[in-house]
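Colleague: I should be grateful for a close look at one loop in this model, with attention to its backbone. Please then set that loop in the context of the chain that holds it and of the rest of the assembly.

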Amino acid sequence: MTAPFFFWFFAAIVVFGAVGVVAMRQPVHSALFLLLSFFGVAALFITLNAEFLAAVQVLVYAGGIMVLFLFTIMLVNIRRTAGQPYVHRQAGAALLVAFFLLAVVGGTIVASSRTSGLADAPADPAKLSTTTISRMMTETVDGKTVKTPVTEQVAGNSQAVAWGLYRDYLLPFEVASVFLLVAMIGAVVLGKRTMEHVD
Amino acid sequence: MDISASVLTYFLIPAVKAVVVVILVATAAGVLTYIERRTLAFLQVRKGPNRVGPEGILQFVADVVKLLTKEDVVPAKAQHFIHFLAPVLVMVPGLAVFAVLPWGPEFTMRIPGLGKITTAWYAADLNVSLLLVLAITSVGIYGIILGGWASNSKYALLGGLRSAAQLISYEVPMGFAVVSAILMARSLSLVEIVEAQRTHQMWFILPGLVSFFLYFVSGVAETNRIPFDLPEAESELVAGFHTEYSGFRWAIFFLTEYANMITISAIATALFFGGWLRPFPSVHALAFLDVVPPVLWYVLKVSCFLFVYIWFRGTFPRYRFDQLMALGWKTLIPISLTNLVLVALAALGGFRGLRILGIVLWGAAIGAFLIVTRLRAAKPPAAKTAPASVRARAAEA
Amino acid sequence: MPFPAGDTLLILPELFLTAAASFVLLWATFVSRPRERGLAFFSIGALAATGLLLFVSARMAGTLPRSAFGGMFAMDRFGLYFKGILLLVGIVTILFSLRFISVSPYPGGEYYGLILFSTVGMLFMASGTHLASIVVALELMALSQYVLAGYFKRETKSLEASAKYFVLGAFSSGVLIYGISLVYGAAGTLSLAGIATAFTTAKPPAFLVIGIIFVGCGMFFKIASAPFHVWAPDVYEGAPTPISAFFAVGPKLAAYAIFARIFFVGFGPRAGDWSAIIAASAALTMVVGNVGALMQTNVKRLLGYSSIGHAGYALLGLLAYGDASGIGLWSILVYLLAYAFMNLGAFGLVILLESKGYAGESVDDFNGLAAKNPWLAAAMLVFLLSLAGIPPTAGFVGKYFLFSAAMKAGWFWLSLLAVLMSAVSLFYYFRIARAMYLVEGEGTLHWREEPAVSAAIALCAAGTLAMGILPGPFVQFARTCLLPFGP
């Protein structure tokens, strides 16, 4: 009853924020709209009973990444683009292509969701928030370590996320960690001043 | 459950709690400023505010009245909307966090006309409440940077940027410290973490000695307090990010700083000092301590940390910016990573593992303390003369 | 343990190379500039050792193919084939770079480390059987390369190459991932085998086609085929030349590995949806690449355009999806091996000729090479003949099988176009040959004596000739490295 209302409400906020990002002329304002959009996404996660993702979304994107964005924007001190034309001269063509793509992609998705029943009511949110996991439980009984396999319904989704990341998607997760290492090295390589060759 | 009951549980009671919390926090922050000024005065052997009301207790009321009636100056070239938004962005997260702070356990009370109602000393217990605290506090930073930026003033901007760098840097060790508490309790819910300290029969300060140290140091940095108050280093940056704020908006920044101190202390209490539990929750001989209601225990513990905050302010000099960054990245983060691994290994071993870790840590700490004091005692105190370099410079002069 | 310990054994080569790359980075902080050669040799050793480990772990794995980490990773002969070539590409690139980096003002540690990390990404790509692991590996490879492209950061061209590569690469990854999300919506899984099953058992929704098109567009970008090719000549021109050689071969091969795997294994049952798109792109790519190359005077740009054309030829193999003999796939395998040899070799000559600034990159700089160093000129001639597809070189063998695969699949007009475009390519390859043999040198030419580069060139020339003269063993080997596919 209330779920669709919240979905549309927060979805509207997300879209509003996203439009604001590209429509603002002042980079700081764009960043703030992006922030708004992130909060909308976090709220959408909550409507899906994914509190963990919502909190992480705020913590990582709003609290970490966007702060660094703002930081950079302020450090490089981008001048206001007041004198420059608001739209690029290819804007017409870009709009045309974008709307064509939107029509094709959106139309197909809407059409196929009508026919294939994909848009049926989603699973019960209450069920989404519990996850069945099986694991070995280590307990100490009478000074001995006993391992017993247990299957349990885990309430909440922190555990579900953990099992997804560290079991099902372990390999991509680890490769992603190497990826981040490389990103860091790359930033240092491109960003640092070369000490030698100062001539 | 009929409609009226659900309105009661999901709307009315939380709303009442929210209003009460906001009022209490605002008052507590005010009282805290008074206590801080008196304590500092005591530490510096002077009197402090003692005119308004008995022993100056009403000083903060006078301050509030002053701030409210002051002219609200906005710099001419400021970004007006953002300048207005910044204090809001600081205060909302600062107060929102209080929704999940576990001041006490559940209790049942009788309200005339409504019957028995079971509710708790917290507004909400989420299964990710600890993460929520981190998330919300990390958002407070926007008010600081934006306030600095929107003022269109060099000092404010530099202060804002400094504080952004500082907050981000210290969020990392803080996060790791919090994770180690999560590992010990195996839950992200603050209420469950407190309860876990009952089932583990110990406060997590025992195995979490290092974690607590890291948490509190980072927490002091996160709240921009001495010795980490660089964003508002008056000798360099006038007043930092809020240089261009005055009157009520400045008061909001000020109030939030104190609210954040309370938050940090409250989380430290919940994670490492057993929350609302009495000391040694498993020792029956101490059951008489239960006379003190849980909420009071919590408030008592939080007050201790707040006092430590003030004590720090009276004791430590301020760090230099590069020292601050070096401390965060080169000292605290490596320590916190090592500590995290240790705690994780101990947590694998269940209660016993944690207990062994605690004994080892405390043993090492006490041992180190004893050795250091012994050495200090053995060696004659360092000569009161200045180091050679300083003396040389003095001679030159 | 959620996964059997044996799974770790299967990714041992990749783990080892990651550790080696990290070690290079650490070691680099303690090494002075003149001693950076040690890092290069260590990196070469690490790549070779990884090859050895591949062999060992494949042996210990027992019967192939074996899947690991819940279907994220597969050790099969198809992947091993690519991994072997990719490691070779890495070794040759480092041989090319030895002197290039040591005379440049830029440190070598991160350079070699990034090459190794990029190779790790490519190895994981070659084995990825799950769209999640494929995308992450692809990004690992690509990110290292964005940095490598801009490694000479005080050269405007290098930075331009990096920026272009990064912006377009990130955009194309977005397209790819958007496509993948649609495929996920249609199939309910990201595992390639699961996707295939989902599509054979049930009628997928119509938006799947859009998903496949988007995935295809992402892949077209990664292999630099038209109309997503514009970045390639600029990037090859601006990047440090050894890196251009690396870009022209390594990522392209790895991208073909995932292209073939995704489309054959995952989207195989829906071949009707995608063959027309691939055919169109193949045709356009062959024309754009070869016609574009005609007007180039910079050899790196020329090779860039020619590599676009070659990407188009290789697409023909994908069209022969339905052929039961698997000729579509193994012709690609054979062709890519040939492509690796001849392109690396050609770039190697550019490196030898290059001197300060961007001198040595023009076609005119090849003037009179035959008189001054007949061996180098002969090697270049071999590479050019091979690139043009003239027997007895590897390029001919590769093209022969590719074109016959396309014929077998019924794409006559495409095969015809391919032959026609090969003829066009003769013009521009011949311009370099003409400069070497028929034009008198004007003294502007000074190649450097560099044993490492010469050795690498000799290796490539030997490979090109061996494949051209004795194609049998290569083809036989490639035929054993097919994917399990087909409904």
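**A proline loop and its surroundings**

Modeller: C:P227 lies in the loop between α9 and α10 (231-238) of chain C. The coordinates are those of a predicted model. The peptide bond between C:A226 and C:P227 is cis, with omega at about 0 degrees.

A cis peptide bond also joins C:P391 and C:P392, and here omega is about 5 degrees. C:P392 is placed in the loop between α16 (374-388) and α17 (394-408) of chain C.

Backbone geometry deserves attention at a further loop of this chain. C:F69 has a phi near 55 degrees, which is a positive value in a residue other than glycine. Its place is the loop between β1 (66-68) and β2 (73-75) of chain C. Is C:F69 buried or exposed? With 20 or more other C-beta atoms within 10 Å as the criterion for burial, C:F69 is buried, because 24 such atoms lie within that distance.

Chain B offers a parallel case. Phi of B:N224 is likewise near 55 degrees and positive, and the residue is not glycine. B:N224 sits in the loop between α8 (209-222) and α9 (234-237) of chain B. There are 22 other C-beta atoms within 10 Å of B:N224, so this residue is buried.

As to confidence, chain C has an average pLDDT of 87, and 96% of its residues score at least 70. For the model as a whole, ipTM is 0.89 and pTM is 0.86.

The helices of chain C come next. Helix α14 (residues 327-353) of chain C has 27 residues, which at 1.5 Å a residue should span 39 Å; the C-alpha atoms at its ends are 39 Å apart, so the expected and modelled lengths agree. As 27 of the 27 residues of α14(C) are buried, this helix is largely enclosed by the rest of the structure. In helix α3 (residues 37-61) of chain C one finds C:G38. C:G38 is partly exposed, because 13 other C-beta atoms lie within 10 Å, a count between the limits of 12 or fewer for an exposed residue and 20 or more for a buried one. Between the C-alpha atoms of C:G38 and C:F16 the distance is 19 Å, and these two residues are 22 apart along the chain.

Helix α9 of chain C, which borders the loop of C:P227, also has a part in a chain contact. That contact involves 32 residues from chain C and 26 residues from chain A. On the side of chain C that touches chain A, at least two residues each come from α2 (12-28), α5 (109-127), α6 (131-149) and α9 (207-222) of chain C. The greatest contribution to that side is from α6(C), which supplies ten residues. Sorted by class, the side of chain C that touches chain A holds 22 nonpolar, six polar and four charged residues.

Chain A also meets chain B, in a contact with 18 residues from chain A and 19 residues from chain B. Helix α3 (residues 51-76) of chain A provides the largest share of the side of chain A that touches chain B, namely 13 residues. Twelve nonpolar, five polar and one charged residues make up that side of chain A.

What does chain B contain by way of helices and strands? It has 14 helices and two strands. Its radius of gyration is 23 Å, close to the 21 Å given by the globule rule for 397 residues, so chain B is as compact as a globular protein of that length. Along the principal axes, its C-alpha atoms fill a box of roughly 80 × 60 × 40 Å. Of the 397 residues in chain B, 43% are buried. Where contacts in chain B link residues at least 6 apart in sequence, 76% of them join residues at least 24 apart.

Strand β1 (residues 106-111) of chain B is hardly covered, as the number of buried residues among its six is zero. β1(B) runs antiparallel to strand β2 (residues 115-120) of chain B, and six bridges join them. Within this pair, B:M109 is opposite B:I117 of β2(B).

Methods. Residues numbered from 1 in each chain as written. Chains lettered and ligands numbered in written order. Predicted model: local features only at pLDDT ≥ 70, side-chain atom pairs only at ≥ 80, totals over all residues. Helix = DSSP H or I, 4+ residues; strand = E, 2+ residues; numbered from the N terminus. pLDDT = per-residue confidence, 0-100. Expected span 1.5 Å × (residues − 1). Rg over C-alpha atoms; globule rule 2.2 N^0.38 Å. Contact = placed C-beta atoms within 7 Å. Nonpolar A, V, L, I, M, F, W, Y, C, P; charged D, E, K, R; others polar. Pairing = 2+ DSSP bridges.
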